[in-house]
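Thanks for coming, everyone. I have one structure to walk through this morning. Please have the model open while I talk.

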Amino acid sequence: MKKIAGFLILAGIWELVAKFATSPFIVPVEEIGKAAVRLIIDGELIRCTAASIERVIIGFGISAIFGISLGVLMYRNATARAILMPVVEATRPIAALTLYPVIIFSLGIGLASKVFVIFWTAWPAVIINTFQALVSVERDPIEAARIDGASENEIL
């Protein structure tokens with residue numbers, strides 16, 4: 001009960017403010033509950049959730065393929081690292097939502113633009129984490145594998 005007490009207090013305060021406020025932006029909790037039940041019964045909530053999950057899977061899947069590939073390339077090739085790391089570091093702080101007008105103009109308002117926002121948000125982290133994970137691997141097992149005749153791809 002203690003775990004939901006804060007939520008119940010917040011909901012009660014929200015309900016009171018919504019009853020006395022004339023703002024269209026503060027909707028009573030009761031109305032929110034009714035809308036949630038309607039969305040569940042109509043199946044709209046499940047359809048929208050499935051569409052969102054699809055976008056996340058596609059966007060992150062593309063960024064994972066792209067990011068892991070570039071992270072491995074940067075680990076294995078110093079020239080690629082020297083070229084790509086500044087690009088990753090320069091683009092990493094650019095929020096996808098700041099680019100959204102350009103993205104919509106270029107890709108439209110459909111699935112492609114939404115997937116691109118997810119991709120843009122994820123790819124720098126995937127590249128950096130892949131590269132750092134490979135760099136942090138202990139050298140002893142790698143050297144032991146080389147002594148045993150393992151190829152570079154097998155070691156990777």
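**A walk through the helices**

Let's start with one residue. Trp-14 sits in helix 1. Keep in mind that this is a predicted model. Is Trp-14 buried, partly exposed or exposed? Its relative accessible area is 40%. Buried means under 20%, and exposed means over 50%. So Trp-14 counts as partly exposed.

Trp-14 has company. It belongs to a nonpolar patch on the surface. The other members are Ile-9, Ile-13, Val-17, Phe-25, Ile-26, Val-27, Val-29 and Ile-32. Together, the patch residues have about 810 Å² of accessible area. Which elements give two or more residues to this patch? They are helix 1, residues 2-20, and helix 2, residues 29-42. Helix 1 gives the most, with 4 residues.

Next topic: charges. Side chains of opposite charge can pair when their charged atoms come close. How many salt bridges does the structure hold? There are 7. I'll take you through some of them.

Stay on helix 1. The side chains of Lys-19 and Glu-15 form a salt bridge, at 3.3 Å from N to O. Both residues lie in helix 1. They are 4 residues apart, about one turn of the helix. Now look at how they sit. Lys-19 has 51% relative accessibility. The cut-off for exposed is over 50%, so Lys-19 counts as exposed. Glu-15 has a relative accessible area of 17%. Buried means under 20%, so Glu-15 is buried. One partner is exposed, and the other is buried.

Move to helix 2. Here Lys-34 and Glu-31 meet through their side chains in a salt bridge. The N to O distance is 3.9 Å. Why are these two about one helical turn apart? Because they are 3 residues apart in helix 2. Lys-34, at 49% relative accessibility, counts as partly exposed. Glu-31 is partly exposed too, with a relative accessible area of 39%.

Now jump along the chain to helix 7, residues 139-147. Arg-146 forms a salt bridge with Glu-143. Their closest N and O atoms are 3.1 Å apart. These two are 3 residues apart in helix 7, so about one helical turn separates them. Arg-146 is partly exposed, with a relative accessible area of 37%. Glu-143 is partly exposed as well, at 38% relative accessibility. Salt bridges can also share partners, and that is how Glu-30, Glu-31 and Lys-34 are joined into one network.

Last topic: how helices pack. Find helix 5, residues 100-107, and helix 6, residues 111-135. They pack at an angle of about 140 degrees, and their axes are 9 Å apart. That angle makes helix 5 oblique to helix 6. An angle over 145 would count as roughly antiparallel. Helix 5 passes helix 6 in a right-handed crossing.

Now find helix 4, residues 78-91. Helix 4 also packs with helix 6, at an angle of about 140 degrees. Their axes are 10 Å apart. Helix 4 and helix 6 are therefore oblique to each other. What is the hand of this crossing, left or right? It is left-handed. So take both pairs together: helix 5 crosses helix 6 with a right hand, and helix 4 crosses helix 6 with a left hand.

That's my tour. Over to you.

Terms used. Residues are numbered from 1 along each chain as its sequence is written. This is a predicted model: local features need pLDDT of at least 70, side-chain atom pairs count only at pLDDT 80 or more; totals for chains, interfaces and linings use all residues. Side-chain values use heavy atoms; hydrogens and water are left out. Patches are made of residues with over 30% relative accessible area and no salt bridge: like charges are joined within 9 Å, nonpolar side chains (Val, Leu, Ile, Met, Phe, Trp, Tyr) within 5 Å. Accessible areas come from the Shrake-Rupley method with a 1.4 Å probe; for residues, only the protein chains shown count as cover. A salt bridge is a side-chain nitrogen of Lys or Arg within 4 Å of a carboxyl oxygen of Asp or Glu. Buried means under 20% relative accessible area, exposed over 50%, partly exposed in between (1.4 Å probe, protein chains only). Axes are lines fitted to C-alpha atoms, for helices over the stretch in contact, and angles run from 0 to 180 degrees between N-to-C directions. Angles under 35 degrees count as roughly parallel, over 145 as roughly antiparallel, 65 to 115 as roughly perpendicular and the rest as oblique. A crossing is left-handed if the near helix is turned anticlockwise from the far one by less than a right angle, and right-handed if clockwise.
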